[in-house]
Amino acid sequence: RDTLTAEYNNTDSVRTLFEQFGEQIAAIIVEPVGANMGVVPPAPGFLQSLRDICNEYDSLLIFDEVITGFRLSLSGAQGYYGITPDLTTFGKIIGAGMPVGAYGGRRDIMEQVSPVGNVYQAGTLSGNPVAMAAGITQLTLLRDHPEYYTLLNDTSDKFFNKIKEILLEKNLPWQVNHVGSIGSLFFTGHPVTDYASAKTSDVTAYARYCNQMLDHGIYIAPAQFEAMFLSLAHTPEDLSHTLDAMCTCL
Ligand SMILES: *Cc1c(COP(=O)(O)O)cnc(C)c1O
């Protein structure tokens, strides 16, 4: 009831809502790289246009960086694309996989939160020591080893480009989207730029492919709209085995 939905990568659809309801819109919340409809990168200029619209209407820009934070770069998608939101949400990665969520942003907004401000916020696992220790250990490692990102992103570029080569060789029209170490193989012949185009995927064919990959010992996400995540734990052998399996199953 309190939420308006605009289309990803469609600045006009956002603008139209603001022209109608701008005065009442507190914030835009968006994944800077769409990763819950498969991976859908932001079109050039899209994130900047959200920033501009928020500035114009005095609304807040919130990036959901649960998936992209500390993954695309140490400064997340906002560092990767050079767009600064007012608030950012984190989960999963910030605790090195331990159960944790976090948000942060502009000082004047954070000062609204208790104990400095009067917005009360608490949770059973808030500040859980095990999750905090895991998160700090991981983030320190990432901060001290910028080469990890170079290696991960280079390895990922090669991996996803190899998938494109396999598709070309097999004359399949499927689409590969990826940004850094997250990517998707969409079973559709249309470029995937938003939810509507993601939904043109042949999910039955995807399910068949997914099961065949399992038979080859590769457990990819069992849904077309989940992403593939590369990690530094994947060895070159793991990746070439995965590509061989794809070559057989596609
Ligand atoms: C998992 C996820 C969430 C939800 O995080 P919780 O910690 O489960 O509340 C929000 N946004 C994105 C993009 C996610 O992947």
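**View 1. Six residues surround the ligand: Glu31, Asn36, Asp64, Val66, Ile67 and Lys92.** A residue counts as near a molecule if one of its heavy atoms lies within 4 Å of it. By class, this shell has two nonpolar, one polar and three charged residues. Here Ala, Val, Leu, Ile, Met, Phe, Trp, Tyr, Cys and Pro count as nonpolar, Asp, Glu, Lys and Arg as charged, and the others, Gly among them, as polar. The model is predicted: local features need pLDDT of at least 70, side-chain atom pairs count only at pLDDT 80 or more, and totals for chains, interfaces and linings use all residues. Residues are numbered from 1 along each chain as its sequence is written, and side-chain values use heavy atoms, with hydrogens and water left out.

**View 2. Aspartate 64 and lysine 92 make polar contacts with the ligand.** In such a contact, two N or O atoms lie within 3.5 Å of each other. An N or O atom in the aspartate 64 side chain is 2.7 Å from a ligand nitrogen. On lysine 92, a polar side-chain atom lies 2.7 Å from a ligand oxygen. Alone, the ligand has 380 Å² of accessible area, and the protein covers 53% of it (Shrake-Rupley method, 1.4 Å probe).

**View 3. Strand β3 pairs with β2 and with β4.** Strands are DSSP runs of E, at least two residues long; helices are runs of H or I, at least four; both are numbered from the N terminus. Two strands pair if DSSP finds at least two bridges between them. Strands β2 (residues 60-64) and β3 (residues 87-90) run parallel, joined by three bridges. Phenylalanine 63 stands opposite threonine 88 in β3. From β2 the chain crosses through helix α3 (residues 76-81) to β3, in a right-handed β-α-β crossover. Right-handed means that, with the strands pointing away from the viewer, the path from the first strand over the helix to the second runs clockwise. β3 and β4 (residues 102-105) are antiparallel, with four bridges. Leucine 87 stands opposite glycine 105 in β4.

**View 4. Arginine 15 and glutamate 56 form a salt bridge.** Their side chains meet at 3.2 Å, N to O. The term needs a side-chain nitrogen of Lys or Arg within 4 Å of a carboxyl oxygen of Asp or Glu. Arginine 15 lies in helix α1 (residues 11-21) and glutamate 56 in helix α2 (residues 46-57), so the pair ties together parts 41 residues apart in sequence. The structure holds six salt bridges.

**View 5. A cis peptide bond joins serine 114 and proline 115.** Omega is about 10°. Proline 115 lies in the loop between α4 (107-110) and α5 (129-144).

Note on methods: Polar contact = N/O pair within 3.5 Å; in protein donor to acceptor, adjacent residues only side chain to side chain.
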